[in-house]
Each structure stands twice: as structure tokens, then as C-alpha cells.
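Visitor: I should like to learn how to read the features of a protein model, one at a time. May we begin with the model before us?

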Amino acid sequence: MEKDSVSLQDAIEHGLTEEEFKHIQEILGRIPNSTELGIFSAMWSEHCSYKNSILKLKTLPTKSDRMLAQAGEENAGAMDIGDGLAVVFKIESHNHPTAVEPYQGAATGVGGIMRDIFTMGARPIVSLNSLRFGNPDEPRNKYLLSRAVKGIGDYGNSLGIAVSGGELFIDECFSKNPLVNAMTVGIVRHDQMASATTGGQVGNAVFIVGATTGRDGIHGASFASKDLTKESESKRSAVQVGDPFMEKLLMEASLEAIQKGLLVGIQDMGAAGISCATSEMSAKGKTGMRIDLDQVPYRETGMNAYEAMLSESQERMLVIPKKGKEEELISIFKKWNLNAVKIGEVTAGGILEIHKEGKLKAKIPAESLVLGGGAPRYVRDVKKPEYLEKLATWTPDSTPDIESGKESPALLSLLSSWNICSRNPITEQYDSEVGLVKLIGPGCDGGLSAIPDTNKALATATDCNSRYTYLDPYKGAMFAVCESARNVAVTGAEPLGVTNNLNFANPYIPENYYMFSECVRGLGDACRALGLPVTGGNVSFYNESPEGPIYPTPTIGMVGILSDKSEMIPNFPKSAGVKLALLGRFRPSLGGSEYQKIFKKEVKGKMPDLSIEDEKSLLELLQRLRKNKNILSARDLSLGGIAVALAKTSILSGLGISANLKGFEQKRKDLTLFGETAACLLVGYSAEKESSLKSETQSVGLEFFPVGETNSLGKLEISDFGISLTIQQLKENYESGLVQTFK
């Protein structure tokens, strides 16, 4: 119920502190009413204001000659890719909604990130998703994962946007608090880019376009800014409900209006709905707005100003048309069977005024509500978790090596493990063929997609090993950046820029804030060293349950550009007689490895050594090898080490492999076969290229190890370890891991 004046207790129930409530009163010069309190609580929530992260995020590198929209300036990052084109991309989370209602939570996460892209005038061409869930043998986890995947597939498929890749990581720490990070990539001409601003155009009309407004999603922003509890399961009213067919119409109508030059500005109504769109556009344009909520098209009766301002009903936009273009705007949206209704006008003075039923319901300086304006900024206390030093003392010598004769069964077990096995039960629910852009699709290291009407291609990847960041947050975050860069580079593309989704636990707990701070430091240092700007992203705190916090997960979304798509590098060889070699720096570790988790039932020790100089050299080497056509295929070494990389190569290519690993054998058999490493690739090449390939690799200070050769014998044989497995055996195990989860 609306109240003319609220109390400190009301503010606390809205997630605000006593200090913040006092600050609001200073801004307004009075005690706020209930609608104003609701607006401040949403806009100052962690989800919207980034109040506990923004000062750390400002340490990240954001400059590049290619940048067209700086981090935080627009709904997504934009980078120049030549010929008057820009790539627009971003990743965001929908973790808490998915934990409560997985189908709609995941689906509306996809819808929200799509709108962030097309509000900038870019047409989405591909999407990715990075998923983290608990053990799917448990019924609740199976339900959450299977429903979330269906939500992602149904929404994206209905929109007609291809999925180019992504990742799934399974660990019990994500059982009660799964992570759903959705990424979208779009293309736009420089001269057709749109901005989320009023443009300073005082007197221009303010329109709401798209779907009607209901009570779904109210308190969604504040819900995403709290710990998950048992009570959270009843918060379905905080989860938005999506309509992908409505979103398709909204996308086409919005792009048409932008391309016809009708708009001054356009902004998605995501978190905090009308509150967010009106305040952010006003603040950016250094204006105010006068909004009449009686003009908003509703789908429910009796909604008050509080509900209208905080509704997160999906598929809606706020737009400022150019003067004289209002009727043309209405005509376009009417053609697409969508609302386009004037609800106010741009005003001078920077004040957001909200009216309903002829009464003034809120009067707030727009600048006071937004990120970088009056919203609070904090740096929390840090304390290094005690477990870090304790776990770092673990060495492989404390556990027995793999027994002779057990190498083949161990490899098969790893291939069927949840973090390595085939993602086909997931990816077959996504349309990767729509739009005819796929060059390298899901199931490989990085996706590669043709840019329509050009000879260019975009490479995409999402990566983070949450176990590594659990063991070493600084190096683990660096590793995530480097792995994502490698996965983009093995397609032949040059890594271009980074978007990130930082998933962490409660920031008010010093140990959690230490992990966050160290991950941000590692992310920044890796990006600076590789010359990659951070174009934007998302922070998701409070990812924990009564059982404890998730592993820190700074998911890295990477985009790369390949100027000539005919120069793409396949992920695996295409014929028999192709030589195989390791390039890079083979320094395997069992600490935090999939082998350690599966067979030792623990996550301990030190993650793989990481040299940023080696990573830079490897990326530069790949570009040279592509240009001089010295390699026929390339894949990153990741989970499961060299043995799994060889097995996957055999499975994906359908070719047998005869291999010998004596050139880089370690003290332990399990370390050689299943140890995980940074800065290392498995490449295919023709025999006559071996001398030049070895020479080029060594010229940048990296190592070259011949491994073996593909054949048509139908087996993977690693002779010095007694491994001899048919491709059929490999496939049966690789393809079995997730089958039961999606039955």
C-alpha cells in the first residue's frame, strides 16, 4: 500500500541501510514516500548500482583504439571491426531467478541480454551461455538444469538467434545457487548506432513501446541483491515472465525505427523497469522527465505508482523520438502489433517527476539514482580466507599414481564426467543453424560465425574454471582470460575484447570480498598484458545458500575477429596422415584438475603455472601460423589434459590416432596423461611443414613436441601408456555423461 511518508524500518525492509536512508533524505530534503523509497531501493540495489563493486571495476582496462562505446556508457560494449561495422556484445546473469523458477529465470535472462544489444541498433547474430549447476544426479539439480536449458532454447530459438557456443560446469557448490550467464553478440553500422539518452532534447515526447505492464518482476532487482534462503523459493513474483514472440516483434520494430533515424534515444526496461529507464536516460542526457503513469498500457487492473515504477515486465522499451517523428514511430510499432504510447516528456532541471491519478507520486533528481551519479559507492573489508594456504600445501605425492593397466578405464571415466562429456543433450535443444552464420558451432573450443554480407567472421567463447579461482583467485581469473583468448584464437581469429560476468558471494563477508578483489585484479592484469579492453559486463553478488558460498566465478566472454573467413582453422584434423604436436609450454598440474576431482574426490593444491608472456607468445604464434598456413587444426588443452584432448580429437574427427608421449613424460603417469596446463595447444599439420612449424614455435621461446599422427584404423593408441581404445568406445563414454539428465 502506498504511504506518503516511510520509516527507517520500511527502508531496511527494502534492503537499504540506515546511512543510505539518511542520504536519501538529504537528497530530497525530506522523508521519501513509499514510491520514492521503492525507486531508490531498486536503483541503489547491488544489481543496479554496483555499489560494492564499481570502484574495483574502475581499475579494469577499458581503452582501445577500436572502442566505440566505453564500459558503462551504454547498454553494451561496442568495438570497431572495420568497413564501417561494429560488434556489440555483453554478458549478464540471471542466477537468482533461475534458482527459483528455472525456465522463466533462464529464458528472461536471454531476453534481457538480447534487448541490451538491439537497443544499440545492433542486430543480434549469435548467443552463448555459461552455466553452473550442482550434481545432476540429485533430482532438484536435474530439474533446475533441464528446465533452465529448455528456457534458454525456447526463447532463443523463437527469436531466431543462433547459439555459437558456451560452457557447462558441474560442482556441488552450485546446488542451491546455480549460475546462468547469458551472452549476445550483434552487428551494427557505425552510423546506425543508438544511445540510451534523452540527448538533452527538452520538450521531446517520452514513449513506452512493446508489451503491456503487469506485476511480474516487482522487486526483481532487490531480490537479485540478497542471499538465497529457503524463503526465496516462494519469491516467484520477483521472477519475470518472458514472451519471445513479443520480443521478436519488439526487436524488428526497434531496429526499423533506429535505422530510419526516428529516435533520439532508446533504453531497455530491464531491472527496475520504468524507474531505471527514465532515470538513466535523463541522467545521461542531463535532463529530467515528467511521466504520467496513467498513460502506461497495463495488463492488470489497479496497479499503483509503486508497482508501475518497479514492474519488470519483459519486452518493453522507453524511447525518445525526434520531434515531428512521433506519428511515424507509432505507425511502425502498430505495424508490428505493438504498443507505442506517449507517457511523458523530457524536461529541464534534471528532476524525475512521476504522476498518477493527477497526483505527484515521486520527485527525485535523476542523477542521484544512477551508477556514477549519486548512488553510493563502497569498498568492503577484505580478509584472506584461511583455507587458501592450507589447500596450497597439497602435492600429488600425497596420493598414489594411477595403476598400470588402469590408464584406459581412467580416460573413459573422464570422458563421461559431467565437465568433459559431450554437450549434445544441451546443444541439440538450441538452434545453431538459424541465420546461416555458423562456421564452427557448439562443441568445439570457440565458436566462429560469418558476419552477413561480408567476408569477415566473429569468434566467440565463454570461459572460467571455478576450481582454479577457488584455489587461487588472482591467477585463476588470469587463467580464465587466457583460456578464453586461446579458445577464440584457435579458430584463427584475433582476440578483440572482453566482457565479464563476476559471480561471487555476499560482499559484506571479508573473505568473499577478498576473493572478488583478487579476481578483479587478475582479470585486469591479464587484459592489460594481452592488450584486451574490458567493454562491460555484470556483477552478481550474494550467490550463496545456507550451505555456503559458490566458488568464485569470474566468467569471461571473449570476442575475436577474423578478417577473411576462408582462413579459419578447424578444431580437429579432417584426414588421415595429419601429424599432431603440442605447441606452447607443457607444465601440467593435478591441482584443481578434473582428474583430481573424479578420482581423488578433492579440490586441493596449486592450479597450473601461468606465464602471461607465454600466453602472449602463443597468441602471436597462432596468428603467424594461420597467415602462412602452417597448421591444419588447433585445439586448446583444457580439462583432462593431453589424453582427453587426443580422445576428443579422435571423436570429433572420426579418425584414429597413433600417439607417443615420451617427449614430455612427467614423473607420474597421471600427471602426464591428465595433468592440466596453461599456454598449450594441440595442432595438426602436414609432414612437410614440421621443420618450419618447429622453427617458428621455438623462435618465440615456446616448445614443440611431436605427439603422433591421425590414421584410418579406428583407434586411439597412446603406445607408451598402453592405451588402445576404439573410436566407438570413446564415443559411447563421451556421449553418455548427460543423457540421463535430459531424459
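Visitor: In which loop is the place of alanine 272?

Guide: Please bear in mind that this is a predicted model. Alanine 272 sits in the loop between β8 and α11 (273–285). Its phi is positive, about 70°, although the residue is not a glycine.

Visitor: Is alanine 272 buried or exposed?

Guide: A residue counts as buried when its relative accessible area is under 20%. Alanine 272 has a relative accessible area of 1%, and is therefore buried.

Visitor: Which other residue, not a glycine, has a positive phi, and where is it found?

Guide: Glutamate 315 has a phi near 60°, a positive value in a residue other than glycine. This glutamate is found in the loop between α12 (305–310) and β10. Glutamate 315 also counts as buried, at 3% relative accessibility.

Visitor: Both loops adjoin strands, so let us turn to the sheet. In what order do its strands stand?

Guide: The general idea is that strands of a sheet pair through backbone hydrogen bonds, either parallel or antiparallel. Here seven strands form an open sheet, in the order β8-β10-β7-β11-β9-β12-β13, and the pairing is mixed. On average, neighbouring strands of this sheet are turned by 25° against each other, direction ignored.

Visitor: Which strands stand at the edges?

Guide: The edge strands are β8 (263–268) and β13 (359–365). Each has a single partner strand, so one side of each is left without a neighbour in the sheet.

Visitor: How many residues of β8 are buried?

Guide: Five of the six residues of β8 are buried, so this strand is largely enclosed by the rest of the structure.

Visitor: How many bridges join β8 to β10, and how many join β7 to β10?

Guide: Five bridges join β8 to β10, and these two strands run antiparallel. Four bridges join β7 (residues 205–210) to β10 (residues 316–321), again with an antiparallel run. Valine 319 in β10 is a useful residue to find on the screen: it is the bridge partner of isoleucine 266, and phenylalanine 207 stands opposite it.

Visitor: Which helix packs on the sheet, and which strands does it touch?

Guide: Helix α13 (residues 326–335) packs on the sheet and touches β7, β8, β10 and β11 (339–347). The direction of α13 makes about 5° with that of β7.

Visitor: I turn now to internal space. How many cavities of 30 Å³ or more does the structure hold?

Guide: A cavity is a space where a probe fits but cannot get out. The structure holds four cavities of 30 Å³ or more, and the largest has a volume of about 70 Å³.

Visitor: Which residues line the largest cavity, and which elements provide them?

Guide: The lining comprises 13 residues, among which Val110, Ser127, Asn129, Ile152 and Val163 lie nearest the centre. The elements that give two or more residues are β4 (123–133), α8 (139–159) and β6 (179–189). The largest share, four residues, comes from α8. By character, the lining divides into eight nonpolar, five polar and no charged residues.

Visitor: Finally, with which residues is tyrosine 378 in contact, leaving aside its neighbours within four places in sequence?

Guide: Tyrosine 378 is in contact with Glu20, Lys51, Asn52, Leu55 and Tyr513. Its place is in the loop between β13 and α14 (386–392), and at 14% relative accessibility it counts as buried. The C-alpha atoms of tyrosine 378 and tyrosine 50 are separated by 9.1 Å, while the two residues are 328 residues apart along the chain.

Methods
Residues are numbered from 1 along each chain as its sequence is written. This is a predicted model: local features need pLDDT of at least 70, side-chain atom pairs count only at pLDDT 80 or more; totals for chains, interfaces and linings use all residues. Side-chain values use heavy atoms; hydrogens and water are left out. On a 1 Å grid over the protein atoms alone, a cavity is a set of points where a 1.4 Å probe fits but cannot get out, and a pocket is an open set with protein on both sides within 12 Å along at least five of seven lines; lining residues have an atom within 4 Å of a point. Grid points are joined across faces, edges and corners, and a volume is the space filled by probe spheres set on the points. Ala, Val, Leu, Ile, Met, Phe, Trp, Tyr, Cys and Pro count as nonpolar, Asp, Glu, Lys and Arg as charged, and the others, Gly among them, as polar. Two strands pair if DSSP finds at least two bridges between them. Axes are lines fitted to C-alpha atoms, for helices over the stretch in contact, and angles run from 0 to 180 degrees between N-to-C directions. Contact means heavy atoms within 4.5 Å. Buried means under 20% relative accessible area, exposed over 50%, partly exposed in between (1.4 Å probe, protein chains only).
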